[in-house]
Amino acid sequence: VSARKNLLTKTEDFADAVWAKKNATATYNVAGYHTLSTIVTHEMESRLRFTTSVTAGSVSRFDVVAKKGTVNFLKLRLLYTNGTQTNIDYAFFDLASGTVSFVGGSIQSASIQYDVDGFYICSVVGVSDGVYPFVDICPASYDLQPSQSSVAGASVLIKRASLTYGPSATR
């Protein structure tokens with residue numbers, strides 16, 4: 001049995017440069033919380049992205065602990081490229097009601113579980129068909145849109161994230 005390993009670094013500091021920002025700002029240590037980042041979007045299709053490498057065919061699990069900010073929805077994306085094609089697998093989470101609101105692409109499963117103080121553990125599981133996965137965290141003003149689902153000023157609060165891979169989707 002192979003052990004699962006968190007591939008992310010800076011799993012609580014999303015303002016760090018390891019998280020590429022597209023039309024977004026991440027602020028670390030918001031409101032006295034030591035492990036809290038706020039992601040604020042500047043326009044449509046805003047995101048934080050982490051790039052790593054996973055063997056094709058591996059099961060990847062992406063977990064983010066989040067709380068609603070100025071918007072209720074969080075979109076998590078797993079992007080895999082095999083050199084000629086990029087597949088986008090995604091799920092939307094309603095951080096106000098604690099529900100998975102939409103799943104697209106070839107996500108195997110998506111779940112949400114209450115954590116503490118209004119935070120939820122949002123999880124997506126997928127199987128990579130390429131070797132360069134990207135994971136995205138995107139505040140969303142509404143769900144059901146695989147891309148452009150945010151407006152300027154949208155924010156969510158993020159405590160931590162993990163990306164694990166291996167033979168199964170367990171934590």
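## Asn 23 and Lys 10: two loop residues with positive phi

Asn 23 sits in the loop between strand 2 and strand 3; strands here are DSSP runs (E, at least two residues), and helices are H or I runs of at least four, numbered from the N terminus. Asn 23 is not a glycine, yet its phi is positive, at about 55 degrees. Asn 23 counts as partly exposed because its relative accessibility is 24%. For that label, buried means under 20% relative accessible area, exposed means over 50%, and partly exposed lies in between (1.4 Å probe, protein chains only).

Lys 10 also belongs to a loop, the one between strand 1 (5-6) and strand 2 (20-22). Lys 10 has a positive phi of about 55 degrees, again without being a glycine. With a relative accessible area of 44%, Lys 10 is partly exposed. As background, most residues other than glycine have a negative phi.

## What kind of model this is

This is a predicted model, in which local features need pLDDT of at least 70 and side-chain atom pairs count only at pLDDT 80 or more, while totals for chains, interfaces and linings use all residues. Residues are numbered from 1 along each chain as its sequence is written, and side-chain values use heavy atoms, leaving out hydrogens and water.

The mean pLDDT of the chain (the predictor's confidence in each residue, from 0 to 100) is 79, and 77% of the residues reach 70 or more. If you plan to lean on particular elements, note that strand 4 (residues 37-41) has the lowest mean pLDDT among them, 65, whereas strand 10 (residues 109-114) has the highest, 97.

## An all-strand chain

The chain has 13 strands and zero helices. Of its 171 residues, 48% count as buried. Contacts (heavy atoms within 4.5 Å) often join distant parts of the sequence: among those with a separation of 6 or more, 66% are between residues 24 or more positions apart.

## The nonpolar core

A nonpolar core here is a set of buried Ala, Val, Leu, Ile, Met, Phe, Trp, Tyr and Cys residues joined through side-chain atoms within 4.5 Å. The largest one has 33 residues, and those with the most contacts inside it are Phe 62, Val 64, Leu 74, Leu 76, Ile 137 and Ile 158. Several strands each supply at least two residues of this core, including strand 6 (59-68), strand 7 (73-81), strand 12 (134-140) and strand 13 (155-166). In soluble globular proteins, nonpolar side chains tend to be buried together.

Val 64 gives a good view of this region. Leaving aside neighbours within four places in sequence, Val 64 is in contact with residues including Leu 74, Leu 76, Tyr 120, Ile 137, Ile 158 and Arg 160.

## Strand 8: Ala 91 and Asp 94

Ala 91 lies in strand 8, and Ala 91 counts as buried because its relative accessibility is 0%. Apart from neighbours within four places, the contacts of Ala 91 include Leu 74, Leu 76, Phe 102, Val 103 and Val 124. Ser 101 is ten residues from Ala 91 in sequence, and their C-alpha atoms are 7.6 Å apart.

Asp 94 is in strand 8 too (residues 86-94). Asp 94 is buried yet has no salt bridge (a side-chain nitrogen of Lys or Arg within 4 Å of a carboxyl oxygen of Asp or Glu); Lys 68, the nearest side chain of opposite charge, is 8.0 Å away. A polar atom of the Asp 94 side chain does lie 2.9 Å from the backbone nitrogen of Ala 96. Not counting residues up to four places away, Asp 94 touches Asn 72, Phe 73, Thr 99, Ser 101 and Ile 112.

## Salt bridges across the sequence

The whole structure holds five salt bridges. One of them joins the side chains of Asp 136 and Arg 77 at 2.6 Å, N to O. Asp 136 lies in strand 12 and Arg 77 in strand 7, so this pair ties together parts 59 residues apart in sequence. Both Asp 136 and Arg 77 are buried, and they are linked with Arg 49 in a network of salt bridges.

Asp 115 forms a salt bridge with Lys 159 (3.6 Å, N to O) and another with Arg 160, where the closest N and O atoms are 3.9 Å apart. Asp 115 lies in the loop between strand 10 and strand 11 and Arg 160 in strand 13, so that pair ties together parts 45 residues apart in sequence. Lys 159 counts as buried at 15% relative accessibility, while Asp 115 is partly exposed at 26%, and Arg 160 is partly exposed at 33%.

Notes
Lys, Arg positive; Asp, Glu negative; His and termini not counted. Polar contact = N/O pair within 3.5 Å; in protein donor to acceptor, adjacent residues only side chain to side chain.
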